[in-house]
Amino acid sequence: MGSISKLSNLNPTYSPSTFNPKSCQPTVFLIKGFNGKTVFDQRVSSSRLTLRNNHASWGSLAVRCSSLAGNGSPTKRTVLHDLYEKEGQSPWYDNLCRPVTDLVPLIASGVRGVTSNPAIFQKAISTSNAYNEQFRELVQAGKDIESAYWELVVKDIQDACELFEPIYNETDGGDGYVSVEVSPRLADDTVGTVEAAKWLRKVVDRPNVYIKIPATAECVPSIKEVISLGISVNVTLIFSLARYEAVIDAYLDGLEASGLSDLSRVTSVASFFVSRVDTLVDKMLEKIGTPEALDLRGKAANAQAALAYKLYQKKFSGPRWEALVKKGAKKQRLLWASTSVKNPAYSDTLYVAPLIGPDTVSTMPDQALQAFIDHGAVSRTIDSNVSEAEGIYSALEKLGIDWGYVGSQLELEGVDSFKKSFDSLLDSLQEKANSLKLVSQQSKELNFGMASISAAGSLSVGKVNYCANVRPKPSRGFSEPAMRRIVGRYSNASSSSRICVPAIRGKDYGKTKMRYQDYTETESGLQYKDLRVGSGPTPKVGETVVVDWDGYTIGYYGRIFEARNKTKGGSFEGEDKEFYKFRVGSQQVIPAFEEAIAGMALGGIRRIVVPPELGYPDNDYNKSGPRPTTFSGQRALDFVLRNQGLIDKTLLFDIELLKIIPN
C-alpha cells in the first residue's frame, strides 16, 4: 500500500452519491435454457442501470432490462434462498467487477454478500475498459498509480455496499457485507496492517464493509487491534486448525478489549480455504503412491473443514462467550473460501454441498455458484459425520502428511499469489497510464508534423506502409528525435530488422506487421526460425505431441506471459505432465502453433512470430491453447488481447518438441 500517510488524503474522484441502487427493483423469472435447465431472467426497472452478461462461465444467466418499475412477477425461489432460510448458510459471490449492477440478478437469485481480493481486482481492472474513464481522470489529475488503484477499488466497494445495504439492514448487520483487502504487501507488517484497515474503513465509509486481513502470524495481533477499534473484519487465508483457533482468540480478545457497551455492530467472518488444501495434499498422496494414500485423495480439505466447524462450536460457547453475548456480540462466522474445484475429476460442488451448516458463509466464484444453482442439494452436511472426518484427518497424519506444513505452505503461496497479482496490476496500470500519455503526446506530434513526414523522403503517408529500417531525416516543424519517437513506438525489433508499419489512419494505428530478415515466412503469414534443429521424426495428424513453450508479447514491452526460466537451446527437464500436450490436427491450439509443430522434428526448438490472425480466436486464450499456466501470465496476455488501444497483438513463442505419442 506504500505509506499510509500518503494515502490518508485520498479523496475519491467519483462520488458514490450518484449511484442509487434503491431505484432498482429486481425481479427474477425462471426460464428454460438451451440445455433445458432452469435459468434466471433478470429484469430491472430502472433504465439508468446498465446490465451486462459477459461472463464466459455464466452461460445460464440471461440478464435483460425492463421498464416494469417493479410491477413484474414476484421473485421465484432458488436453491440459494433455501440454503439461507432452511440451513442458515449465507451464499456469497467471490467476484467483483464493473459495472457492479452485474450483481443485481445475483442478489435476486439469493446471493447475500460479496468477497474480493487483489487477484479479483487485478483481473477486473486489467481486462476491462469499464475503469478507463475514471483512471484517465485520475492520471490527468496527477494521481500516482497506487493511489489511483485504491480509488478504483474504493469506488467498486462503495457501489457494491449500497447494493447490499438492504440485506444488511434487514438482518440487523448479520449479512449483506462486501469485503475489501488491505495491501498484500503488509502481510508481515502488524502495525501497517492496522493503519491500513483504519484507513480503508474510513475511506469506504459504509457500515457493511468488511476489511480483509490475512491470518499470517504477524497479522493475528492486527486482527485483535482492529476488532477492538470497532472495525468489522474478514480474516482471510486460513489453512489450518491451529491458525484458525488463533484467529478466533484474536476476535474474542478484540471484543473484550474494545470497551464498547454495545458489540452488535462489530462482526467478523473467518475465511477457511478449502480446495487448495486438496490440491497440495493430493500431490503429497500421489507421491506416497500406496493404495491407501491414493484412496484419500480429494478428502483432506472437507475433513479439516468439518473439524474447523467443530472447533467453531466449541469456542463460541461457554462462560467467556456468554459474557460477550450479553453485550450484543455476534459469532465470528466460518466462511468457506476457495470453493472452486481445481481437479476436473471431482464433483463441481465438492467444496459447497458437503459444507452446509448454520451460521456459516460459502463464498463461490462463477463456476461453483453456477453448479450449485443448477444441481445443488440443500441439507445440513457439515457435521453429519464428524467421526469420519476425524478418521480421515488422523489417517493422513499416519501416512506422513504434516498438517502444520500444509497450512504454512499454503499460506506462503496465498500471500505470494496476492502480492504478485497486486504488483502485476500496478504494472498494468502504469503501462496504461503511459499509453494515455503516449496517445496525448502522439496526437500533438502528428497533428503538428504529419504533413512533413512525407517530405522526409524516407516515410510516406496514405495506404503505403512506412518502414523503420531507414533513418528519418529532420524536416520543417518536425525534429529528428520527434520523428524517431513516432517510428520507434511502433517497433521493438533490432536495427537490423525490417519493420513495416501500416500508415496511421483512424483506429488502425499501432497495429504492426513485422518482417524479420532471418526468419522464414509461410504463406499464412507465420514467421519462424529454428533455434535448434531436431533430429527425430516429425509429427503426423492424429498423433499427440508433448511440447514445452514460452510466450512473449511483441508490441507490449516484450511482456512474458509464459516462461519457465530455461535457457533457450539448452536442455529442458521435467515430467511429461508438466508440459503441454495436444493432438495434431485437432484444432486444440491456435493456427500458428499447429502449423509450427507440423514442420518440426523431434528435439527441435522453434521460435515463431504469430500475427493476430493466426493467434487466439476472438482475442480469448480460453477458446484455444496454449493457455498461460500462471495468473500473472494470463493477465499479461489477456491485457494485450483485449486492449483496444496502441498495443500490437503480434506474439512470439518458443516451442520445443519433446515427445511424439502415436495413436
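**Exercise 1. How many helices and how many strands are there in the protein?**

Let's warm up with the overall picture. Keep in mind that this is a predicted model.

- Step 1. Going through the secondary structure gives 19 helices and 20 strands.
- Step 2. Turning to burial, 54% of the 663 residues are buried.
- Step 3. Now take the contacts between residues at least 6 apart in sequence: 72% of them join residues at least 24 apart.

**Exercise 2. Describe how helix H12 and helix H15 pack, from their axes to their side chains.**

- Step 1. Find H12 at residues 300-315 and H15 at residues 386-398; their axes come within 8 Å and cross at roughly 120 degrees.
- Step 2. Angles from 65 to 115 degrees would count as roughly perpendicular, and those over 145 as roughly antiparallel. The crossing angle therefore makes H12 oblique to H15.
- Step 3. For handedness, H12 passes H15 in a left-handed crossing.
- Step 4. Next, list the residues that meet. H12 supplies Ala 300, Ala 303, Gln 304, Ala 306, Leu 307 and Lys 310, while H15 supplies Val 386, Ala 389, Glu 390, Ile 392, Tyr 393 and Leu 396.
- Step 5. Sorted by character, the residues of this contact between H12 and H15 comprise nine nonpolar, one polar and two charged.

**Exercise 3. Classify the ring pair Trp 150 and Trp 199, and place both residues in the fold.**

- Step 1. Ring centres within 6.5 Å make a pair, and the count comes to 23 aromatic pairs.
- Step 2. For Trp 150 and Trp 199, the centres are 5.8 Å apart and the planes stand at 85 degrees, so this pair is edge-to-face.
- Step 3. Trp 150 belongs to helix H6 (residues 145-170) and Trp 199 to helix H7 (residues 190-204), so the pair ties together parts 49 residues apart in sequence.
- Step 4. Are these two residues buried or exposed? Both Trp 150 and Trp 199 are buried.

**Exercise 4. Repeat the analysis for Phe 582 and Phe 593, then look for the cluster around them.**

- Step 1. The ring centres of Phe 582 and Phe 593 lie 6.0 Å apart with planes at 65 degrees, so the pair is edge-to-face.
- Step 2. Phe 582 sits in strand S18 (residues 580-583) and Phe 593 in helix H18 (residues 591-598), so parts eleven residues apart in sequence are tied together.
- Step 3. Phe 582 is buried, as is Phe 593.
- Step 4. Which residues do ring pairs link into a cluster? Trp 549, Phe 561, Tyr 580, Phe 582, Phe 593 and Phe 653.

How values were computed. Residues are numbered from 1 along each chain as its sequence is written. This is a predicted model: local features need pLDDT of at least 70, side-chain atom pairs count only at pLDDT 80 or more; totals for chains, interfaces and linings use all residues. Side-chain values use heavy atoms; hydrogens and water are left out. Axes are lines fitted to C-alpha atoms, for helices over the stretch in contact, and angles run from 0 to 180 degrees between N-to-C directions. Helices (H or I, at least four residues) and strands (E, at least two) are DSSP runs, numbered from the N terminus. Angles under 35 degrees count as roughly parallel, over 145 as roughly antiparallel, 65 to 115 as roughly perpendicular and the rest as oblique. A crossing is left-handed if the near helix is turned anticlockwise from the far one by less than a right angle, and right-handed if clockwise. Contact means heavy atoms within 4.5 Å. Ala, Val, Leu, Ile, Met, Phe, Trp, Tyr, Cys and Pro count as nonpolar, Asp, Glu, Lys and Arg as charged, and the others, Gly among them, as polar. Rings of Phe, Tyr and Trp (its six-membered ring) pair if their centres lie within 6.5 Å; planes under 30 degrees apart count as stacked, over 60 as edge-to-face and the rest as tilted. Buried means under 20% relative accessible area, exposed over 50%, partly exposed in between (1.4 Å probe, protein chains only).
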